Amino acid sequence: MIPTTPLRSRPRRVGVLLAGLALGAAACSDGDSAIDAGRDDAATTEVSTAEAEAAAPSTDAVDPATTDPVETEATGTDSTVADTEPVVTEAPSPLAGLAPCPVDALETADGPIEITMWFGLADALGRELESLAEQYNGSQDRVVVNVENQVDYESTIDKYLQLGVGERPEILLAPEFAVQTFAESDSFVPAQACVEASGLDTSRFLPRALNAYAFDAVQWALPFNVSSPVLYFTSPVFEAAGLDPADPPLALEELRSASQAIVDSGAATYGLVVDVARNSAGAQLEQWLGQAEVPYVDNDNGRSARATEALFDNPTGLAGFEFLQGMRRDGLSFNVGQNPGGLDAFLKLVDPSEPGAMTVETSAALTQLYDALDGGLGGDLTRDYLIVGPMPGPTDAPAAQVSGAALWIPADKGDESVAAAWDFTQFLVDAQTQSTWAAGTGYVPMRSDAVELDPIASLFDEDPNFRVAYDQLAAPTESPFAARPAVGPQREVRQTLADAIARLYDDPEGADAGALLADAEATANRLIATYNDLN
């Protein structure tokens, strides 16, 4: 499951400048910023031609002691022929020149090693992670983990990149849109090095989850809190509109038809509730193009080589823009705006005056939504009426790209700290831990054997809502587009698309969907070019 051969060969660049990311990296107290924290190019560049020639066996001389005399037919004289076999040149390891993972360093440590983990999760989710850390600390005496909530993913990323080595944590949780930036920062120990050194079996990890954190043929991080977008709706509204709650819409055309039926019947004022947030609306084309197996950027969505060109201005992307515009123009959808707390779309579903019927949001919200309904948020609407369906898209085959975050181990923190971080990582990705974590949060177990264990096994049986996101992420695929695109300035590209969609919603009658999409792609290309030029 982990890449073992390089997909491309290029010098790794030191010092990922944050142009195009607007992250404003700054020098810090120990003099090492994220820009300066990497290794020299000479240490990480592929083997040069001269070095390869020097290392190759010489063919200029033959040692007679290692040859057999052979009589030639033409002269009858002895000729010396070297008894050699063809030289097989192995491709260099993708880990060559990258930071090693000293997994055995804990064996010689004097006393427990204390490490800090950064994450950015909502309070309830953060408390579940804190509980896991307490469980881990109580299960052994070699490592003590302190967890610190940085509020959200973006704050976690920015803080890490702005600080020097001495101020960074020993482990952090960061999302898939950081994979290229982090991989090219030369400041992390690749998880693949730890997997190989420790012999961790990743064969039961979901391929979509693993691939989300692979870049340049290296597995950089291991997934932990995995999610995907799903469709939320309520059964009373569906039934009042003559729709079957057990048969939710899958294709976008079905989503529009269901919305029309809901509005026409008066079961709800709007069929679909949408927003213009960067990581939902701005990431929508990533999901839709991935489901349709259409590229978002070149080079296998930036996974087989660094992305150089955005490709989302294509028929599938345009159809998605026109779908969103048409839903808004025809009064079938309602835009709640930026949705900063992530709850505005759900609140619209229980609006007593002009409710919406459906919304597409992260599967990780399910447990929190249940808690809100149990607390009376929906009035007479209880959790028994909430239904989860697969994410609708351009096809009717349930499938999605991974959202959520993975476990990254910073380099240059000392062998014992790296080993301690890896030990905690193995605990967090363990099948039983994943079962417990998923049941307590609504996240997807990132390995298939976790769903065979309680408590998540029983929860899947008792409440099918929890299984929907897992099933669409477990869907098999050979497509390179099943993983999110790896793009250096991905946050800015997403914001560009979110802004374009906002303009569609603001002027659904007059906006030119094709022109907005083309302009967004042109902006994305400028962002990508700037990032690549500076890194």
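**Notebook: helix 3, salt bridges and odd backbone angles**

I started with what packs on helix 3. Its buried residues are covered by, among others, strand 3 (113–119), strand 4 (143–149) and strand 9 (222–227). Helix 14 (366–374), helix 15 (415–428) and helix 16 (431–441) are also part of that cover. I note at once that this is a predicted model.

**Entry 1: helix 3 itself**

I checked the length next. Helix 3 runs over residues 123–139, which makes 17 residues. From first C-alpha to last it reaches 24 Å, close to the 24 Å expected at 1.5 Å a residue.

Which residues of helix 3 are buried? I listed Leu-125, Gly-126, Leu-129, Leu-132, Ala-133 and Tyr-136. Seen down the helix axis, the buried residues fall within an arc of 115°, so they line one face of helix 3. The spacing suits the general rule: an α-helix has 3.6 residues a turn, so residues three or four places apart point the same way. On the other side of helix 3 I found Asp-123, Arg-127, Glu-134 and Gly-138 exposed.

**Entry 2: confidence**

I looked up the pLDDT before going further. The mean for the protein chain is 85, and 83% of the residues reach 70 or more. Residues 1–82 are another matter: the pLDDT there is below 50. In the model this stretch still has 155 contacts beyond near neighbours in sequence. Where pLDDT is low, the predicted coordinates should not be read in detail. I leave those contacts alone.

**Entry 3: salt bridges**

I counted the salt bridges. The total comes to 17. I took three of the pairs one by one.

Arg-491 pairs with Glu-154, with the closest N and O atoms 3.3 Å apart. This salt bridge links distant parts of the chain, 337 residues apart. Arg-491 sits in helix 19 (residues 490–506) and Glu-154 in helix 4 (residues 153–162). Are the partners buried or exposed? Arg-491 has 6% relative accessibility, so it counts as buried. Glu-154 is buried too, at 17%; the cut-off is under 20%.

I then followed this pair outward. Glu-154 and Arg-491 belong to a network of salt bridges that also includes Asp-158 and Arg-278.

The side chains of Glu-184 and Arg-306 form a salt bridge, N to O at 3.0 Å. Where do its two ends lie? Glu-184 is in the loop between helix 5 (179–183) and strand 6 (188–189), and Arg-306 is in the loop between helix 11 (298–302) and helix 12 (315–329). The pair therefore ties together parts that are 122 residues apart in sequence. Glu-184 is at 5% relative accessibility and counts as buried. Arg-306, at 9%, is buried as well.

My third pair is Asp-471 with Arg-467, again a salt bridge, at 3.0 Å from N to O. Here the burial reads otherwise. Asp-471 has 38% relative accessibility and is partly exposed. Arg-467 has 31% and is partly exposed.

**Entry 4: Asn-314**

I stopped at Asn-314, in the loop between helix 11 and helix 12. Its relative accessibility is 13%, so it counts as buried. What does Asn-314 touch, leaving aside neighbours within four places in sequence? I found contacts with Leu-289, Val-294, Pro-295 and Leu-517. Ala-518 is 204 residues away in sequence from Asn-314, and the C-alpha atoms are 9.1 Å apart in space. The Asn-314 side chain also reaches the backbone nitrogen of Gly-317, at 2.8 Å.

**Entry 5: backbone angles**

Last, I went through the odd torsions. Most residues other than glycine have a negative phi, and most peptide bonds are trans. I noted three exceptions.

- The peptide bond from Asp-454 to Pro-455 is cis, with omega near 15°. Pro-455 is placed in the loop between helix 16 and helix 17 (456–462).
- Asp-186 is not a glycine, yet it has a positive phi of about 55°. Asp-186 lies in the loop between helix 5 and strand 6, and it is buried at 2% relative accessible area.
- Ala-217 is not a glycine either, and its phi is positive, about 65°. Ala-217 is in the loop between strand 7 (214–215) and strand 8 (218–219). At 3% relative accessibility, Ala-217 counts as buried.

I also cross-checked the loop between helix 5 and strand 6. Asp-186 lies in that loop, and so does Glu-184 of the salt bridge with Arg-306.

Technical notes: Residues numbered from 1 in each chain as written. Predicted model: local features only at pLDDT ≥ 70, side-chain atom pairs only at ≥ 80, totals over all residues. Heavy atoms only, no water. pLDDT = per-residue confidence, 0-100. Contact = heavy atoms within 4.5 Å. Salt bridge = Lys/Arg side-chain N within 4 Å of Asp/Glu carboxyl O. Helix = DSSP H or I, 4+ residues; strand = E, 2+ residues; numbered from the N terminus. Buried < 20%, exposed > 50% of the residue type's maximum accessible area, 1.4 Å probe, protein only. Expected span 1.5 Å × (residues − 1). Arc of directions from axis to C-beta. Polar contact = N/O pair within 3.5 Å; in protein donor to acceptor, adjacent residues only side chain to side chain.
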